[in-house]
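User: I would like a close look at one part of this model, namely the strands and how they pair. Please set that part in the context of the rest of the chain.

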Amino acid sequence: MKCFTKIAAAFMATALAVTPVVGSLNINTANAANGFVSYNYECDRWYFDESQMCVDITEPNEIKYLDFDASAHGNEITSNRDIAVPMLSNLIFTMNVTGDNLTEDDIKNVKFFVTANNFRNGAVDYGAEQDYNHNTYYRKRRDGSYDVYFSATAFGRKISYKAQFGKNVTLRRGSIVAKNTGYYMIDVDTPNEDLYIRVPKKSDISDAKYRYWARRLACYANSLSKTTNVEREKIYLSFDDDNIMGTSACWQWICDRTKNPTYYKNCACTFDGALTEGVLNEIRRGDNSIEWVELHEISHAYSRGELFLENYETNDELYTNIRGLTAIQNCNNIVNMDIHLDALCGKYNTIFSSKLTDNSIIIDTMVQRFINVADTENNWFVLEDFFYPTSTYGPNTRDKVYTAFKSYTGLDFKSGSKAENLAIALYALYKRAWNGGSRVNSDRYIEFLNQYFPKEDLVAYIKCCHGFPNDII
Ligand SMILES: [Zn+2]
């Protein structure tokens, strides 16, 4: 439906060339009503009305040594009430436990759970529970008791907690500290995708610069949503965050328990201190550039289109980058941003180009090869349609495509493998870029691959990113 409207729009732009049309003729009726999203027919891009983005900056106080208010039930304690905390608070839970002949194994088996509830407009609309056991650390005191620590980020405005112990462990006291001094909490409320951001407050960065940056991230998230037809509603970004699992940046689903215990809709992106420094430098500059790392993590959140996965699923580290670049290209608010990637700085269509000569990072090489199809053919619908598929391919087409792809790559991959999805993904690009027709023309498909995707890149990518040798016979 989207591409239909866009093609119609392109004709209209020709007819109305003297009058720039920045459209109220939006395809999404829900958004057309408030005019938040419109379509710019001159340049074939979304435009978001930033005056409808409400950016709220607060500077929360630290909660100091709030004592546990909990009830014991056997070997479990649960909090008696919800505790109000600023959204995205960095929480440290400390429990002093004692018992007869305590061992370190007893301490390691202490479990701690935090549930966050997000209150908005007076109603509970979201809840998340996480097992924070992975963050355990502990310290033995001189009296033989142990202090056990857990940390968590509050993806909500109220939290409750629960702890489980072994039989010979007794809780003597517990406390909660929220480490929020020196941080800004930035809420960006838009008619579609909302952002909640926790970021260090720096005296040499003005509020205006924080707002400018937050609005651009919101434009980006909303463009991702429009480009993929995936709605996340809430994206959480937590910078300078200790609650990160062994990497410098990560993302995770947040469970919406009001709908279903396994309904994962919202998404949280967390960044450690080292990455946060680079992001702060960009905000401080306040110019037209932005760090790729935050855009990369946000883009992961828009990976779950059902038809997309069914057709093209391969390795999301590849698609996440292409999806993000496509969303930037597709959004008039941010299309001219410069992107910082490692030591490089450039526009969306060139930023990965230097990677073409560096095959050590085959995913990055592949990213630019996808981008080159759209850019060289001067047809970004190729990628916009790719991330918004409306149909799938039948078994006859698939068989022919697989056979052609196998002959081109020289790989004999397994039935049901991700290499099959890659073959279909590249076929979808070929069809759109070269007007491939309804029947599979294997020679032209291979000619297309030959032009844009060198055989050695495809082989290297499949071997490195599809769990080789699982994919290949
Ligand atoms: Zn990633």
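User: Which residue in β6 does Ser71 stand opposite?

Analyst: In this predicted model, Ser71 stands opposite Thr78 in β6. The pair belongs to the ladder between strand β5 (residues 70–73) and strand β6 (residues 76–79), which run antiparallel and are joined by 4 bridges. These two strands form a hairpin with 2 residues between them, and Gly74, which lies in the turn, has a positive phi of about 60°.

Strand β6 also pairs with strand β13 (residues 158–164), again in an antiparallel sense, through 3 bridges. Thr78 appears here too, since it stands opposite Lys162 in β13; the residue that faces Ser71 in the hairpin is thus also matched with a residue of β13.

A further set of strands makes up an open sheet of 5 strands, with the order β4-β14-β8-β12-β11 and antiparallel pairing. Its edges are β4 (63–67) and β11 (137–140), each of which pairs on one side only, and the twist from one strand to the next averages 20°. At the β11 edge, 4 bridges join this strand to strand β12 (residues 146–153), the two running antiparallel, and Tyr137 stands opposite Tyr149 in β12.

Away from the strands, helix α4 (residues 207–228) and helix α6 (residues 292–300) have axes that come within 10 Å and cross at roughly 35°, with α4 passing α6 in a right-handed crossing. The contact is made by Leu217, Tyr220, Ala221 and Leu224 of α4 together with Glu294, Leu295, Ile298 and Ser299 of α6. By class, that contact of α4 with α6 has 6 nonpolar, 1 polar and 1 charged residues.

How far the coordinates can be read varies with confidence. The mean pLDDT of the protein is 84, and 84% of its residues reach 70 or more. Among the elements, helix α13 (residues 442–452) has the highest mean pLDDT, at 98, while helix α1 (residues 2–15) has the lowest, at 32. Over residues 1–33 the pLDDT stays under 50, although the model has 42 contacts beyond four places in sequence for this stretch. The pLDDT is likewise below 50 over residues 119–134, a stretch with 40 contacts in the model beyond near neighbours in sequence. Where pLDDT is low, the predicted coordinates should not be read in detail.

How values were computed
Residues numbered from 1 in each chain as written. Predicted model: local features only at pLDDT ≥ 70, side-chain atom pairs only at ≥ 80, totals over all residues. pLDDT = per-residue confidence, 0-100. Contact = placed C-beta atoms within 7 Å. Pairing = 2+ DSSP bridges. Axes fitted to C-alpha atoms, helices over the stretch in contact; angles between N-to-C directions. Left-handed = near helix turned anticlockwise from the far one by under 90°. Nonpolar A, V, L, I, M, F, W, Y, C, P; charged D, E, K, R; others polar.
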